[in-house]
Amino acid sequence: MKGLASNQIRHKAMILKLLDIAGVLTLKQLLSLTKLTPSVLNTLITQLRREGRLIRSMEWVALSEEALQNRRDGMEDVMWVFNDFLPRTDYFTAGEYPAAVCFFADGIDYEIIYVPIGQEYMISKSVTPCETPPKRLIVIESTDQIPNINIPNVTAFCLTDLSGKTLYYKRKEL
């Protein structure tokens, strides 16, 4: 019984941490990110809702009504990209703008940055140069954006579809 309670606490903490970073997640994303069964996830969400720690709509789970109403552009896509790395992730946290998520996977430092159409130049200029930059995963809305993004240490440009499948692109070297 002690192990079950410990697992519930650990899983609840994971759900809350993911929501703290994303603000809002779909049930499908939470299932994929936590690797819990639907019945276990629903039980934990119900417990957290009763504790007043999150809210749930039909499709979405959020920390607050405000977060639900003000979903951040691109965060759903960012979390799908992060989902691909989560099984190998040692640590993760919310990023500092423009990075949405920062994490260590397989001993490598990564950032996920979302770049909306039309903001390629601004986001490129807002990335702070550093001595040992992390590997950067750039979430885009269209492959047409790639030539307009000038960010150092890009590992891949990422496009996600509605099902959560992520396609990874590399810039063609001239």
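**Exercise 1.** Does F103 count as buried or exposed?

*Solution.* This is a predicted model, in which local features need pLDDT of at least 70, side-chain atom pairs count only at pLDDT 80 or more, and totals for chains, interfaces and linings use all residues. Residues are numbered from 1 along each chain as its sequence is written, and side-chain values use heavy atoms, leaving out hydrogens and water. Buried means under 20% relative accessible area, exposed over 50%, and partly exposed in between (1.4 Å probe, protein chains only). F103 has 1% relative accessibility, so F103 counts as buried.

**Exercise 2.** Find how the rings of F85 and F103 are arranged.

*Solution.* Start with the rule: rings of Phe, Tyr and Trp (its six-membered ring) pair if their centres lie within 6.5 Å; planes under 30 degrees apart are stacked, over 60 edge-to-face, and the rest tilted. By this rule there are five aromatic pairs. For F85 and F103, the centres are 5.4 Å apart and the planes meet at 50 degrees, so this pair is tilted. Next, look wider: ring pairs link F82, F85, F92, F103 and Y110 into a cluster.

**Exercise 3.** Explain why C130 has no bond to C102.

*Solution.* Recall that a disulfide is a covalent bond between the sulfur atoms of two cysteines. Here the test is a pair of cysteine sulfur atoms within 2.5 Å. The closest cysteine sulfur to that of C130 belongs to C102 and is 10 Å away, too far for a bond. C158 is in no disulfide either, with the nearest cysteine sulfur, that of C102, 14 Å away. The structure's disulfide count is zero.
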